[in-house]
Amino acid sequence: MKKSNPLRNSEFHVQSSAVQISTTWGIIEIELVDGKVGGCRLPFLLKRPDAPFAIVKDGNDLVSSFIAAVFSGSNSTPPTLAELEGTDFQQQVWRAIAEIPPGETKTYGELAQAIGRPNAVRAVGSACGKNPVPLFIPCHRVVGSNGGLGGFSCGLPWKELLLTFENAR
DNA sequence: GGCGCCGTCTTCT
DNA sequence: AGAAGACGGCGCC
């Protein structure tokens, strides 16, 4: 098995749709595949916006209530995810990330250990960056071993914000 | 503390 | 085959 189940198999009766949540930091878009979360896009933020973060308008389904919970600091378990497209290595990394409980963090190195490749630290980093569903697979809880933040695919302001809400630091 | 270098591993050209 | 990473460590100002 190399890459498993591409999301874009529109030959079948997979019905995909999108949910949008508008916030003071931009529009968060979530992609649903057969009712399960298959993608999540946050606007890229180079620097922290002046406005304090707030959800302006969200839907009222499971997904957006999860998002609302995330951004209010209350823990809730993520909804079921669709099969994500990625290499075996990436899938392993993502699975390991999914096990980090809210309020806690793991370092890239610890993650590498967790999947049994203690030396693949840097590779773990790039796998994090390819997580198709930030927030749902909490890659913001992965930080550097030196106390640094590491990176975040949609811009570090999000990572800081999320960790603040979970008050992990 | 900060900066540079190198080892290490996966992915993309 | 080579280069590029969301790293980690070590050495050296």
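Modeller: Let's start with a term we'll need: a residue counts as buried when its relative accessible area is under 20%. Keep in mind that this is a predicted model.

Biologist: Fine. Are Arg-141 and Glu-166 buried or exposed?

Modeller: Both Arg-141 and Glu-166 are buried. For Glu-166 the relative accessible area is 13%, so it falls below the 20% cut-off.

Biologist: Where is Glu-166 found, and what does it touch?

Modeller: Look in the segment after α5 (156-165). Leaving out residues up to four places away in sequence, Glu-166 touches Pro-102, Gly-103, His-140 and Arg-141. With Arg-141 the side chains meet in a salt bridge, at 2.9 Å from N to O. Arg-141 sits in the loop between α4 and β6 (142-143), so the pair ties together parts that are 25 residues apart in sequence.

Biologist: How many salt bridges does a search of the whole structure find?

Modeller: It turns up 2. Besides the Arg-141 pair, the side chains of Glu-160 and Arg-48 meet at 3.7 Å, N to O. A salt bridge needs the nitrogen within 4 Å of the oxygen, so 3.7 Å makes the cut. This pair links distant parts of the chain: Glu-160 is in helix α5, Arg-48 is in the loop between β3 and β4, and they are 112 residues apart.

Biologist: And how do Glu-160 and Arg-48 count for exposure?

Modeller: Glu-160 is partly exposed, at 37% relative accessible area. Arg-48 also counts as partly exposed, at 41%.

Biologist: On to the sheet. In what order do the strands come?

Modeller: Trace them as β3-β2-β1-β4: 4 strands in an open sheet, with antiparallel pairing. Then look for the edges. β3 (36-41) and β4 (55-57) each have a single partner strand, so one side of each is left without a neighbour in the sheet. From one strand to the next the twist averages 35°.

Biologist: Over how many bridges do β1 and β4 pair?

Modeller: Over 2 bridges, in the antiparallel sense; β1 covers residues 16-23. If you want a residue to click on, take Ser-22, whose bridge partner in β4 is Lys-57.

Biologist: Which strands does helix α1 lie across?

Modeller: Helix α1 (residues 62-70) lies across β1, β2 (26-33), β3 and β4, and it runs at about 140° to β2. Ser-64 is in that helix. Its relative accessible area is 0%, so Ser-64 is buried. Apart from residues up to four places away in sequence, Ser-64 touches Ile-21, Asp-58 and Gly-59.

Biologist: Last one: what should I know about the nonpolar core?

Modeller: The general idea is that nonpolar side chains tend to be buried together in soluble globular proteins. Here the largest nonpolar core has 40 residues, and those with the most contacts inside it are Ile-30, Phe-71, Val-93, Ile-97, Phe-136 and Trp-158. Elements giving two or more residues to this core include β1, β2, β3 and α1, along with α2 (88-98), α3 (108-114), α4 (121-129) and α5. Domain 1 (16-70) and domain 2 (88-165) both contribute residues, so the core lies between them.

Biologist: Which residues is Trp-158 in contact with?

Modeller: Setting aside its neighbours within four places in sequence, Trp-158 contacts Trp-25, Ile-28, Leu-42, Pro-43, Leu-45, Phe-53, Phe-71 and Phe-152. Phe-71 is also among the core residues with the most contacts.

Terms used. Residues numbered from 1 in each chain as written. Chains lettered and ligands numbered in written order. Predicted model: local features only at pLDDT ≥ 70, side-chain atom pairs only at ≥ 80, totals over all residues. Heavy atoms only, no water. Buried < 20%, exposed > 50% of the residue type's maximum accessible area, 1.4 Å probe, protein only. Contact = heavy atoms within 4.5 Å. Pairing = 2+ DSSP bridges. Axes fitted to C-alpha atoms, helices over the stretch in contact; angles between N-to-C directions. Core = buried A, V, L, I, M, F, W, Y, C linked by side-chain atoms within 4.5 Å. Domains from an automatic or database assignment.
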